[in-house]
Amino acid sequence: MLVASALVLGLASVSVGEVLWEAPIGHAQQGLPFADGRQGFLVWGATNELNVTVSRADLWDHRGGYAWTTNECYAHIRDLLYARDVEGLGKLFPKRAKPGEPANPFILPLGLVRFDLGDWRVAGARLDPFTGLGAVDLVRGAERASVRLALDGHVFALGWPEGLAPKGTAVSSFDLPRVRKPLEKLGFRRAAWFGDSTAGGFEWAIPGDVSVSLGFETKDGATFVASARGARPSTAAEGGFAAAEARTKARWTAWWADAAKVSVPDADIQELYDYGMYRFGAMTDPTGVTAPLQGPWYEDCQLPPWSGDYHFNINIEMCYWPAFHGNKLEHLKPMFALVKSWWPILRANAKTFCGIDDGFMLPHSVDDRCTLIGGYWGGTIDHGCTAWIAQLMFRYVQYSGDVAFLKSDAYPFMKGAMNVYRAMMEERDGRLSLAATTSPEWWGDGIPDDGWGRDASFQLAACHRLCRDLLAAAEMLGEKPDPMWLDVERRLPGWSVAFQTSCVKTTDEEIGLFDGKRLPESHRHHSHMAGIVPFDTIDFEADRRTKDLVRETYLTWIQLGPGLWCGWSMPWASMLQTRIGMADMAAYTLKTWKEFFNNPGHGSRGFAYSPGFSLIGRNPFQSPGEGDREIMQMDGAMSAVAAVHEMLCHERKGVVRLFVGAPSKWKRVSFENIRVSGGFLVSAKRENGVVTMDVRATRPGVFRWQDPATGKICEREFK
């Protein structure tokens, strides 16, 4: 039974628990994270040393990178692929770098402040995601004390226990061995130090860019740490540590007041949700910059993997997924503004790629100036990156009702993305077709033998999502839809078909990577299933053939298993499991992600930390020390938050589905303030199989949901 009411429900009490760290906390990426959307602070340490690693999401070496050339047009790339011209394709995308400069732009590690605790020892740490306050617990013989932690605005504060006033030392990342050697080759030099052990820091010159500085000041029993560009940082905290702590708590209390909250009877999933939402709020603060791969949290001891850049073939999208159901839409705005600042470049890309003046094309890997990184041909031509950002834009409009943004930003961007797709299409047997496409991160057995194909199912799903959103957007704006969109929606296949030999089969067909090519191995990017999640273009209940096709696709996917999955593969897999009602598996997948793809300090890793689950990461047969480089990415943690949302409440074909991914053994589960399209805020609980629901409308509209008991599709108009 489901009851829809206009009254706020008494939800199951939300578990408010601190996240705990055991000593030693031996690496920056195992530390307690604090951030203001631009600066990141990681607190870590062992024995009698406490460190605060400071990093910035806007600290780039902007040199290097690539510009598209006229030879790198779609027609030329397509012809080379069909000719199997490996050498010719390689010449189109050379690895070129000027002497003394990096091949690609990359984010720089900044440094840390190190404190000598004397005869005190680090015993553990804790962080409350609902107040933003943390503490490092200390021990000295039988004595116990704590260092209190808070981020007040843009200044990080450490409140020392009475009698402890440790000396501080600012250390530039350039002075750490694994960083200095590569940076010296690129023209970097040592930072200039100022001050002393109670108030000091350093200024560091960045070749061809604005300098950066890191400073700290100890006074009145507290130390205040901050960084700045182009000048020395201000470490002033009005009212001292107590006032800074109070302001931090007030800020996070207010932030959580309207955020989506969940209560589940599984402690692991509860923690990954609460802690994940906290990290989302910290890393995407609307006053900051767009979050790159590691958010604002870059370790000081190495250059970041993959340049620490913006990956638009899944990673950035995942980082921002919690904004939607999490009811934090304002956190999307810096990312949308950054993309809009690139419009001239994106138009030039489209002109070079397919010869049109009214297109937008976003490659998969760029810096904050949209400089192309890497030179990988498959990522360069992956137009699904553009379509995926367009989907996020329109989803924001659906959730917020922001018609002004639709008119000024989303609608023009969506139209430009569609124009590029249409320019890539050709007529084939009365249908439209994309002759040469890539499926994200699928390189196959070599280039160009197996890393591409006709009509990648991922690209077809992205294009159809774009078509349908454009038609809905035109209706919202009272405009007549472009006939081209209707033609593409009618004549472009929804997916590619491949023949399979599954051990359990009811049909010979399944969804293919490309036309005629099935998924041959475990793969981290579930791209061929994107029509199910995230694009929701495949209605697997529409007819018998589609239902059978989807079933066989899942069976092959399950059969091949997760042996080559990475961190962000897991939450996406959980969403795919939720969609077809595999609730126990959806929950187990998230618990497995937490177990194998997090380091001992709850750090979200790109590769497996513990060996045995996936070969992307530590191999169980490697010697100690092999394969243990810390590869931190925030996409896994953020998509895990979104996967919890989806377990409890998600939309399919415009209909809200409740608790589809919540295991039946969860006797009491609830959520509050999950936002869905139409601007509705949904709260619900399931207790002993009985579901009750509260819906609040932020604007007029029709709310549609599926009754969990009967399966009936219901609707109610809100005025």
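**Salt bridges and a nine-stranded sheet**

Me: Hi! How many salt bridges turn up in a search of the whole structure?
Reply: The search finds 44 salt bridges. Bear in mind that this is a predicted model.

Me: Good to know. Which residue does Lys591 form a salt bridge with?
Reply: The partner of Lys591 is Asp268, and their closest N and O atoms are 3.0 Å apart. Lys591 sits in helix 17 (residues 583–596) and Asp268 in helix 5 (residues 267–283), so this pair ties together parts that are 323 residues apart in sequence.

Me: Nice. Is Lys591 buried, partly exposed or exposed?
Reply: Lys591 is partly exposed, its relative accessible area being 27%. Asp268 also falls in the partly exposed class, at 31% relative accessibility.

Me: And what about Lys594, which residue does that one bridge to?
Reply: Lys594 forms a salt bridge with Asp268, with 3.9 Å between the closest N and O atoms. Here again helix 17 holds the lysine and helix 5 holds Asp268, so the pair ties together parts that are 326 residues apart in sequence.

Me: Let me switch to Arg465. What is its salt-bridge partner?
Reply: Arg465 pairs with Asp469, and the closest N and O atoms are 3.2 Å apart.

Me: How far apart are Arg465 and Asp469 along helix 13?
Reply: They are four residues apart in helix 13 (residues 457–477), a separation of about one helical turn.

Me: Are those two buried or exposed?
Reply: Arg465 is buried, and Asp469 is buried too.

Me: Back to networks for a second: which residues are joined into one by shared salt-bridge partners?
Reply: That network is made up of Asp266, Asp268, Glu271, Lys591 and Lys594.

Me: Great, now the strands. What is the order in the open sheet of nine strands?
Reply: The order reads 2-9-10-11-12-17-16-15-14, and the pairing is antiparallel.

Me: Which strands are at the edges?
Reply: Strand 2 (19–22) and strand 14 (192–195) are the edge strands, each of them pairing on one side only.

Me: By how many degrees are neighbouring strands turned against each other?
Reply: On average the angle between neighbours in this sheet is 15°, direction ignored.

Me: Last one, on strand 14. How many bridges join it to strand 15?
Reply: Four bridges link strand 14 to strand 15 (residues 199–204), and the two run antiparallel.

Me: And which residue in strand 15 does Phe194 stand opposite?
Reply: Phe194 faces Gly201 there.

How values were computed. Residues are numbered from 1 along each chain as its sequence is written. This is a predicted model: local features need pLDDT of at least 70, side-chain atom pairs count only at pLDDT 80 or more; totals for chains, interfaces and linings use all residues. Side-chain values use heavy atoms; hydrogens and water are left out. A salt bridge is a side-chain nitrogen of Lys or Arg within 4 Å of a carboxyl oxygen of Asp or Glu. Buried means under 20% relative accessible area, exposed over 50%, partly exposed in between (1.4 Å probe, protein chains only). Two strands pair if DSSP finds at least two bridges between them. Axes are lines fitted to C-alpha atoms, for helices over the stretch in contact, and angles run from 0 to 180 degrees between N-to-C directions.
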